[in-house]
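Open the model in your viewer and keep the selection panel at hand. The tour goes stop by stop.

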Amino acid sequence: LRALGPLSTLGAGLLEGRFFDTRDDEAGAKTAIVSAAFAARHFPGRSPIGAGLIMSGLGETAPRTVVGVTADLLLGNPLSRDRSTIAVYIPLRQTEAAGAVAVFRHRGSEAGGRSAFLRTVAELDPALAVGNVMSFDDALAKSTLIARSVARLFGACFGFALLLAVSGAYG
C-alpha cells in the first residue's frame, strides 16, 4: 500500500493510481476510484486506470474515468450477510449529496470531536457545507439497533420462560 488519503483512514490504502484531489471538483472530469475486488471482477487481468465507468444507478449516462484502485474494505451492515468488498468511490463534489452523512471518529468528548471535525472541514474547504454529521459510535449504534432490539426481546422471553419453568418445577 502506498500514499495516504481519505480512504486510508478507513484502512483502504491506495494500490494504484491516485486519490481524489482538487482536479476532481464539479467543473473537472468525472472520476471514480474502485476497490481491488471491483477491479478484479470488472477488469480481470488488466489495470482499470483510465477506463470508463458508467454509474447508471446514479442516473448518469456519461462515463467516469477510473483514477485509482484501493485495497478492499468490507462494506455494509456488520450484521448482514450482504456485506461486500466491491466498491466504487466518487468525489463528493461530483454528486448530489443531499442524503450524505459525514461520519467522524473521536477520542474524548463527542462535542469536542464534532467541533474539531467541522472546524477542519471549514479550513479545508469553506465552500463545502456539511449538513448531517454523526459520530462513528452513533452510526454503529444506529446500524445495530434492530439486532440489539431483537436480542433484548429474546432475552426477556427467555427470562419469562425460565421463571415459568422454575415456578412449575417448584409446584
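Which residues make a nonpolar surface patch of about 290 Å²? Select Val 101, Val 103, Phe 136 and Leu 140: these four residues make the patch. Keep in mind throughout that the model is predicted.

**Stop 1: the patch**

Show strand S6 (101-104) and helix H3 (136-143) around your selection. Each of these two elements supplies at least two residues of the nonpolar patch. Now pick Phe 136, which is found in helix H3. Its relative accessible area is 31%. Phe 136 therefore counts as partly exposed, as that class lies between 20% and 50%.

**Stop 2: the whole chain**

Zoom out and colour by secondary structure. The protein has four helices and seven strands. Trace the chain from the N terminus and the elements run β-β-α-β-β-β-β-α-β-α-α. Switch on the surface. The protein exposes about 11,300 Å², and carbon and sulfur atoms supply 62% of that area. Of the 171 residues, 25% are buried. Turn to the contacts next. Among those between residues at least 6 apart in sequence, 60% join residues at least 24 apart.

**Stop 3: the largest core**

Hide the surface. Select Ala 32, Val 34, Phe 38, Ala 39 and Phe 43, then add Ala 51, Leu 53, Met 55, Val 66 and Val 69. These 10 residues form the largest nonpolar core. Which elements give two or more residues to this core? They are strand S2 (31-35), helix H1 (36-42) and strand S4 (64-70).

Centre on Ala 39. Leaving aside residues up to four places away in sequence, Ala 39 touches Val 34, Pro 44, Pro 48 and Val 69. Of these neighbours, Val 34 and Val 69 are listed in the core as well.

A second, separate core has eight residues. Select some of them to find it: Ala 12, Leu 14, Leu 73 and Ala 87 are included.

**Stop 4: the ring pair**

Return to the largest core and show the side chains of Phe 38 and Phe 43, both of which belong to it. How many aromatic pairs are counted here? The count comes to one. The ring centres of Phe 38 and Phe 43 are 6.5 Å apart, and their planes lie at 50°, so the pair is tilted. A tilted pair falls between the stacked limit of 30 degrees and the edge-to-face limit of 60.

Are these two rings' residues buried or exposed? Phe 38 is buried, with a relative accessible area of 9%. Phe 43 is buried too, at 7%.

Technical notes
Residues numbered from 1 in each chain as written. Predicted model: local features only at pLDDT ≥ 70, side-chain atom pairs only at ≥ 80, totals over all residues. Heavy atoms only, no water. Core = buried A, V, L, I, M, F, W, Y, C linked by side-chain atoms within 4.5 Å. Buried < 20%, exposed > 50% of the residue type's maximum accessible area, 1.4 Å probe, protein only. Contact = heavy atoms within 4.5 Å. Patch = residues over 30% accessible without salt bridge, like charges linked within 9 Å, V, L, I, M, F, W, Y side chains within 5 Å. Areas by Shrake-Rupley, 256 points an atom, 1.4 Å probe, with all protein chains shown as cover. Salt bridge = Lys/Arg side-chain N within 4 Å of Asp/Glu carboxyl O. Phe/Tyr/Trp six-rings, centres within 6.5 Å; stacked < 30°, edge-to-face > 60°.
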